[in-house]
Amino acid sequence: MNTMTKLGAAMGLAVAILASGPASAQKAIWDKISETGTLTCGAMAAVPMNSWKVDGPNRYEGYSIGFCRKLAEELAKAMGKPIKLDFYETTFANVVLDLQSGKADLFAGMSATEERKRALDMTGPMYDLAHCVVQRKGLTGLTSWADYSKPEIKISSATGTSDEKALQEMAPKATNMSFKENAQAILAVQSGRADGYVTNVLSCLRILTESPQVFGEIVVPTPVRGLPSAGGMRKDGDGRFHKFVDEWATRSRANRSEKHTSELQSRLHL
């Protein structure tokens, strides 16, 4: 074996040790939570209805945050000791790495894509929210995904979200105006640059409540389409935490999608 070959082999071994060392040294998630008395959930600063920052001791609010609070209570019962909830702020770009590295134990609000299933243990769905479209003023007569699936119809969405995926699958011929932030996508409709903004029923309810005069119709296109939102955690080789969260999510889901869709349709007199 020549010098370069030996050097390459040594470097490969070093990389393998570095790659496997931290992961193998991490405790099982269940044991980590039990020993520290803390469940650390991933949180995001500005994802409407899912997770956002607030002033005060709670630090974050949102659907996924509510699930984490309830999960901490359930873990306390199962472990027979108080479990405190803490947060680690992340983004959709970093959340997989933050979970794998143990910076957060769980993020309760992501789609269970095949790529994420390979990288993480996924659980749930924790909730399933139908999609809706917030239209610009003056646009009427659109009731189905087929109505939106025309090149002349411009629909804004947040890049990489389940909302954008729903638009691409259900109205593939629509012009998708993809924006990095939800706020940009909403502004595109408000300014008239886009005909509508695709989001979930909780966000539509919020927009209907806060800005009823700013936008036009809010539509739940038929057939009603919702994508399940799951939880993700690192693959720890133990599985107790994954099993506990999965069983708890199944028990507590209670068909929230139909509840919120019915509420929105009632508000819209559909």
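User: A disulfide is a pair of cysteine sulfur atoms within 2.5 Å. How many disulfides does the structure hold?

Analyst: Happy to help! This is a predicted model, in which local features need pLDDT of at least 70, side-chain atom pairs count only at pLDDT 80 or more, and totals for chains, interfaces and linings use all residues. Residues are numbered from 1 along each chain as its sequence is written, and side-chain values use heavy atoms, leaving out hydrogens and water. With the bonded cysteines of the chain numbered in sequence order, the pairing is 1-2, 3-4, and the number of disulfides is 2.

User: How many residues apart in sequence are the parts that Cys-41 and Cys-68 tie together?

Analyst: The sulfurs of Cys-41 and Cys-68 are 2.2 Å apart, and the link is left-handed, with -100° about the S-S bond. Cys-41 lies in strand S1 (residues 38-43) and Cys-68 in helix H3; helices (H or I, at least four residues) and strands (E, at least two) are DSSP runs, numbered from the N terminus. The separation in sequence of the parts tied together by this pair is therefore 27 residues.

User: And which helix holds the partner of Cys-132?

Analyst: Cys-132 forms a disulfide with Cys-204, the sulfur atoms being 1.8 Å apart. The link of Cys-132 and Cys-204 is right-handed, with 105° about the S-S bond. Cys-132 is in strand S7, so the pair bridges 72 residues of sequence to reach Cys-204 in helix H9.

User: Is Cys-204 buried or exposed?

Analyst: Buried means under 20% relative accessible area, exposed over 50%, and partly exposed in between (1.4 Å probe, protein chains only). The relative accessibility of Cys-204 is 0%, so Cys-204 counts as buried.

User: Why is helix H9 described as largely enclosed by the rest of the structure?

Analyst: The buried residues of H9 include Val-201, Leu-202, Leu-205 and Leu-208. Helix H9 covers residues 201-210, and the reason that it is largely enclosed is the count of buried residues, 7 of the 10.

User: At what angle do the axes of H3 and H10 cross?

Analyst: Axes are lines fitted to C-alpha atoms, for helices over the stretch in contact, with angles from 0 to 180 degrees between N-to-C directions. Among the residues meeting here are Phe-67 and Leu-71 in H3 and Phe-244 and Trp-248 in H10, where contact means heavy atoms within 4.5 Å. The axes of H3 (residues 63-79) and H10 (residues 240-252) come within 11 Å, and the crossing angle is roughly 115°.

User: Which side chain makes a polar contact with that of Asp-121?

Analyst: A polar contact is a pair of N or O atoms within 3.5 Å; within protein, one must be able to donate a hydrogen and the other to accept it, and residues adjacent in sequence count only if both atoms are side-chain atoms. Asp-121 lies in strand S7 (residues 121-135) and, at 18% relative accessibility, counts as buried. Its side-chain partner, at 3.5 Å, is Lys-235.

User: How far apart in space are Asp-238 and Trp-30?

Analyst: Asp-238 sits in the loop between strand S12 (226-233) and H10 and is partly exposed, at 35% relative accessible area. Its side chain joins that of Arg-240 in a polar contact of 2.8 Å. Leaving aside neighbours within four places in sequence, Asp-238 is in contact with Ala-28 and Trp-30. Asp-238 and Trp-30 are 208 residues apart in sequence, and their C-alpha to C-alpha distance is 8.4 Å.
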